[in-house]
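Here is my note on the model you asked about, written as numbered points. Please keep the structure open while you read, and look up each named part as it comes.

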Amino acid sequence: MNIAPLILFASLLLPLHASAEEHQNSNPNGGDTIVFTTLGRSRYEFDVFALSTTRPPSISGEIRITDGESVNFNGYFPSPSPALISLLPDATLIQPGDSSPLHLIYVTERNGTSSIYYDLLHGGDPDSKSKRRSMLEAPSRVQIPLLSNADHRSGNTVNSFKDKPSLSGEFLVYVSTHENSGEPRTSWTAVYSTELRTGLTRRLTPSGIADFSPALSPSGNLTAVASYGERGWTGEVEELSTDIYVFSTRDGTRRVKVVEHGGWPCWVDESTLYFHRRSDDGWISVFRAILPEKGALSTESVNIQRVTPPGVHAFTPATSPNNHNFIAVATRRPGSDYRHVELFDLRRSEFTELTRLVAPKSHHLNPFLSPDGSRVGYHSCRGQANGRRSPLLFLENIQTTTSDLSLFRIDGSFPSFSPTGDRIAYVRMPGVYVVKPDGSGRREVYDGMAFSTAWDPVRPGRVYTSSGPTFATERTEVDIISIDVDAVDKSSSVRRLTTNGKNNAFPWPSPDGKLIVFRSGRSGHKNLYLMDAEKGETGGLWKLTEGAWTDTMCSWSPDGEWIAFASDRESPGSGSYELFLIHPNGTGLRKLIQSGTGGRTNHPIFSPDSKSIVFTSDYAGISAEPISNPHHYQPYGDIFTVKLDGSNLRRLTHNSYEDGTPAWAPRFINPSDVVLRKKNDSSCAFEDCHWLNKNPPLKGQKISC
């Protein structure tokens, strides 16, 4: 099956907030809207910060570099090159009197897509008396997108930039997912090189291979990556079992595997690499790989040495050229709930804490060092720094290439649209809420734990949901309830439609409002059932599917012809889910999507014309090392659409987060962000990777710090 990737435009700048009138207006040419959830993403307020490595860390010594508005992360301090300086709109921005202009390359998410920017800032000298708390106060500041919106080889828009952009002279090296791998559950992630002066782009990763976390050697001649090679991803969601490969930065040739099992490589000189991996004792630690200066390069000829001791998880190492004195690492220490940046003295084997002494209750991710080693950068949440906060977006527009499709990320889960599209129901776990598409009229209509929502097509104001715990066994008490969201008395607005509590979930009404399809574990296995929409199962109950497997996440097509659902019936209990279609009378069962061995394809929802389905899937594999991001239960998953005959499969989202629970609206919502913020509502409310909470037992080891 050919997948034509849906590429997102980065050139159209949209207003931050549209008025209620604008959002009530439909596209005069018609069109639809898809809304989906990204776990935690609406609460990211990342900026790039820096601290001196030569002075004691302090709040006043921390500099916030990036703009305080966008989601900015994964920075890199480049050595200024003529090609980089030539991008400046005014050469006088390099001021002779300023001994320390700060050059930064970083990934930024703004205006509905991601890109790589170059910022030049003044006043960044850590010893300057005029140093400012935030670079936003600097008198001279410029932001420049480093890549045009076109891939010059194919003419497609480049839409997805991620970990560790680097610069070597005139060439920017970065990761993107804009090229389809062509195989189910195979990552689209690849490393590219773009010449800044000409925009000429070259793919450095071989076809059919996925590379992560590129790092340039000090000369720029070599690039190291974490990669599965031809083995491919097997569904890991924690520390990846990638290997370290090295190849020529110029054209990707002379590719050699140098380390078995390693991630997040970085160079200190032309023959020395640092990387992280989980050690035999269970601690994630930093290792050193010394490559031979002469002779054949292979895993057998490389000398591997453990650098950081057990007792602390240390990962995502950073170095500076020919600095054999210290490295920067991110750590998770036993007893701490937060990720911090520390320096590790290579000669004394001791840690020096940095960010914990500045912001002890904030996560600090993915450190990087300046070329001279005097400054360490990282990204962290800006919070209320300098009195500036980003607006909390209820709907964040994600740009698309089609004028008849509007795509949004919602601050909630399991959204669904009312029959006319004038209201959205969604859950917060706990709580079910109803709101207008412009963000107004937001109300909690049910305060219990619930998941999934679906509107009744003929009974105004009625919403169905599953009340009870998520991800539970067949015998767990979960029931289908209906909520009259317009009821004056909330105490009488809820009716329970199932009676046995055996994990009854994912209700969806038929288009005539007579029946509800749902999944139930009442037989000991989760299968699909139909029941009376008004009286519930007491008014009639019919089994639609039957088997020793799980059929779940069902929805009914608007024309009444089909029910779509996810199922592991081809490999029961494996966690591998495919999409299936079945007629409401139990005939016509067929598989719609093959998600690959062990793959997960879930949450199918029909388009308003019943001709297509939107769903979430790991079809495109994993897009970044999970340890480089905040916590996601599944650090993969993108939103796709497909026609009912299996054709025209399109990828709508490209990121390294967990996208899911999509909804397809029967109307076009103008593609502008919708702001929703309560007073004293705290953003940056996300967690670190849960698996970093695991601390292996120690055998009397003392950690120096």
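The points below take up a pocket and then a sheet in this predicted model.

1. The largest pocket holds about 1,500 Å³ of space, and its lining is made up of 49 residues, among which Leu 39, Met 429, Phe 471, Tyr 633 and Glu 658 lie nearest the centre.

2. Several strands take part in this lining: the elements that give two or more residues to the largest pocket are β1 (32-38), β28 (413-417), β40 (551-556), β44 (601-606), β45 (612-617) and β48 (659-665). Of these, β48 gives the most, with 3 residues.

3. Sorted by class, the lining of the largest pocket has 20 polar residues, 18 nonpolar residues and 11 charged residues.

4. Where does the largest pocket lie with respect to domain 1 and domain 2? Residues of the lining come both from domain 1 (38-92 + 99-152 + 159-381) and from domain 2 (391-676), and therefore the pocket lies between the two.

5. Turning to the sheet, 4 strands are arranged in the order β36-β37-β38-β39, and they form an open sheet with antiparallel pairing. Because β36 (505-509) and β39 (536-543) stand at the edges and each has a single partner strand, one side of each is left without a neighbour in the sheet. From one strand to the next, the twist averages 30°.

6. One pairing can be followed in detail, since strand β38 (residues 527-532) is joined to β39 by 4 bridges, the two running antiparallel, and Leu 530 stands opposite Trp 542 in β39. In general, the strands of a sheet pair through backbone hydrogen bonds, in either a parallel or an antiparallel way.

How values were computed
Residues are numbered from 1 along each chain as its sequence is written. This is a predicted model: local features need pLDDT of at least 70, side-chain atom pairs count only at pLDDT 80 or more; totals for chains, interfaces and linings use all residues. Side-chain values use heavy atoms; hydrogens and water are left out. On a 1 Å grid over the protein atoms alone, a cavity is a set of points where a 1.4 Å probe fits but cannot get out, and a pocket is an open set with protein on both sides within 12 Å along at least five of seven lines; lining residues have an atom within 4 Å of a point. Grid points are joined across faces, edges and corners, and a volume is the space filled by probe spheres set on the points. Ala, Val, Leu, Ile, Met, Phe, Trp, Tyr, Cys and Pro count as nonpolar, Asp, Glu, Lys and Arg as charged, and the others, Gly among them, as polar. Domain bounds come from an automatic or database domain assignment. Two strands pair if DSSP finds at least two bridges between them. Axes are lines fitted to C-alpha atoms, for helices over the stretch in contact, and angles run from 0 to 180 degrees between N-to-C directions.
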